[in-house]
Amino acid sequence: HALTKTMDSKEQIEMVAEISNALRYTISDYVAHLGQQSSEQHSKDNVILPGFTTNKGILPMMNIFKEALLNPNMDVKEYGATGYRDIIKHASPEALKPSVMGITGPLLRIVADRISNSIKATISDILSIMIFKAGAQLKPFYPQIQVFFMRSLGDANRNVRLQAAVSLSRFATVHAKIDLFFGELLTLLKNTPHNELCMRETSYYALRLAISSAGQRASKEIHHQIIEIVSGEKESTIDSYRVTAASCLGALCAAMDDKDLSTIVHLHLMSDNQKELWTIRHFRSIVMRIALKDSFNRLMSEQYEWGEQLYSVTLSFITSTNVPIIVSGIKTAAYIIDHCLENKVLPMQPLVAAYARVSERAFATA
């Protein structure tokens, strides 16, 4: 504060690039220092800088980056957005608390202007981190934030769309009316023309992430709506639709009740009819892969006695003649083998043998 309080806005803008880079070096050095001090793994994403545990610690730099964000020059604006994100990501919730309104308002005003794709994606990330750290304090902005995220799902830029999907999944964790949230996302999917490839694909991806983060809070009715919509893609000739929709159904296995889970398992996972369309088999192989990835212990519980049959169907996928199904089967087998090794259980021998043979052929071809 002592260094910056006498600087006017022009001087602050001239320094913003250096300050942004210095902040990044500081974060990297601190993460490396933590790694040397302990044997634990430290990620840049969840480290709080000691100087950013109080509001007074973050304000001087926040003011500089705010000036940069409001500057018409796109390069300067980008430094401002990146600096904002670095501070918010590495500041404690207590340090951010007094500045929540002052941070969020300008961000929402900026997204209404014409800005670059990278800035739009960065602001989407900032808002979702703020939701995670500030929670209820952001409630007055929730409607505007949700509209921005939903609109960004249809952006022409892929990075903006993917960041919007991630941001929506974080937003789902604090949404008070989760059925309403899922209802809007499902309505968006229903109203998206089938030929709108980018929008539809990213909406399925957003749905899958939201199911993983908040699917257990949704009602049985919402679960049934999700099942109905995503199951409609099992014969789709568009790979991205089929894969992303099947991933939603696989993720939902961790959230649905026992009765619905049993229905889905017997309908999609307990048998592999090789005379069916390859798209349907591929859809089911993706459901199997994601379901085992997200809820292995539940599916393999002795309560259901599904284990041996699920192993056999996975083996059927690996030995298929269709490459996408084989690839999906290999990934599923990897989850099974990895889980068995972690729990010191001997995996099904024919599955391991088939996995080894296919992997060996893949390496030889490569």
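1. Isoleucine 280 sits in helix α14. In this predicted model, isoleucine 280 is buried, with a relative accessible area of 8%. Apart from neighbours within four places in sequence, isoleucine 280 is in contact with Lys234 and Glu235. Asparagine 63 is far off along the chain, at 217 residues from isoleucine 280. In space, C-alpha to C-alpha, the two are 55 Å apart.

2. Helix α14 deserves a look as a whole. Its 22 residues put the end C-alpha atoms only 24 Å apart. A straight helix would reach 32 Å at 1.5 Å a residue, so α14 falls short of that, and its burial should be read alongside: 17 of the 22 residues of α14 are buried, so α14 is largely enclosed by the rest of the structure. There is also a kink of about 70 degrees in α14, centred on lysine 293.

3. Next, the core. The largest nonpolar core has 113 residues, and Phe182 and Leu207 touch the most other members. Helix α14 (residues 278-299) gives the most to this core, contributing nine residues. Which residues does leucine 207 touch, not counting those up to four places away in sequence? They are Phe182, Leu185, Leu186, Leu189, Ile226, Val230 and Cys248.

4. Leu207 is one of the buried residues of α10. Others in α10 include Met199, Tyr204, Leu209 and Ile211. Arg200 and Arg208 in α10 are buried too, as are Thr202 and Ser203. The cover over the buried residues of α10 includes α8, α9 (178-191), α11 (220-231), α12 (239-252) and α14.

5. The span of α10 is close to expectation. Helix α10 covers residues 197-214, which is 18 residues. From first C-alpha to last, α10 reaches 26 Å, close to the 26 Å expected at 1.5 Å a residue. Helix α14, by contrast, is short of its straight-helix span.

6. Now a helix pair. Helix α6 (residues 117-134) packs with helix α8 (residues 158-172) at an angle of about 10 degrees. Their axes are 9 Å apart. The two helices are therefore roughly parallel to each other. On the α6 side, the residues that meet α8 are Asn117, Lys120, Ala121, Ser124, Asp125, Ser128, Ile129 and Ile131. On the α8 side they are Asn159, Val160, Gln163, Ala164, Ser167, Arg170 and Phe171.

7. Lysine 120 belongs to helix α6. Is lysine 120 buried or exposed? At 19% relative accessibility, lysine 120 counts as buried, because the cut-off is under 20%. Leaving aside neighbours within four places in sequence, lysine 120 is in contact with Ile115, Phe148, Asp155 and Val160. Val160 is among the α8 residues in the α6 and α8 packing.

8. The loop between α14 and α15 (307-318) holds tyrosine 304. Tyrosine 304 counts as buried, at 15% relative accessibility. Beyond neighbours within four places in sequence, tyrosine 304 is in contact with Asp258, Leu261 and Arg298. Valine 345 is 41 residues from tyrosine 304 along the chain, and their C-alpha atoms are separated by 19 Å.

9. Glutamate 305 is in the loop between α14 and α15 as well. Its burial state contrasts with that of tyrosine 304: glutamate 305 counts as exposed, at 72% relative accessibility, whereas tyrosine 304 counts as buried. The backbone of glutamate 305 should be checked. Its phi is near 60 degrees, a positive value in a residue other than glycine. Most residues other than glycine have a negative phi.

10. Serine 271 lies in the loop between α13 (258-269) and α14. Its relative accessible area is 39%, so serine 271 is partly exposed. Glutamate 221 is 50 residues from serine 271 in sequence. C-alpha to C-alpha, the two are 27 Å apart.

11. Last, the overall picture. The protein has 17 helices and zero strands. Its C-alpha trace spans about 75 × 50 × 40 Å along the principal axes. Of the 366 residues in the protein, 51% are buried. Among contacts with a separation of 6 or more, 70% are between residues 24 or more positions apart.

Conventions:
Residues numbered from 1 in each chain as written. Predicted model: local features only at pLDDT ≥ 70, side-chain atom pairs only at ≥ 80, totals over all residues. Heavy atoms only, no water. Core = buried A, V, L, I, M, F, W, Y, C linked by side-chain atoms within 4.5 Å. Buried < 20%, exposed > 50% of the residue type's maximum accessible area, 1.4 Å probe, protein only. Helix = DSSP H or I, 4+ residues; strand = E, 2+ residues; numbered from the N terminus. Contact = heavy atoms within 4.5 Å. Expected span 1.5 Å × (residues − 1). Bend = angle between axes of the 7 residues up to and from the residue. Axes fitted to C-alpha atoms, helices over the stretch in contact; angles between N-to-C directions. Parallel < 35°, antiparallel > 145°, perpendicular 65-115°, else oblique.
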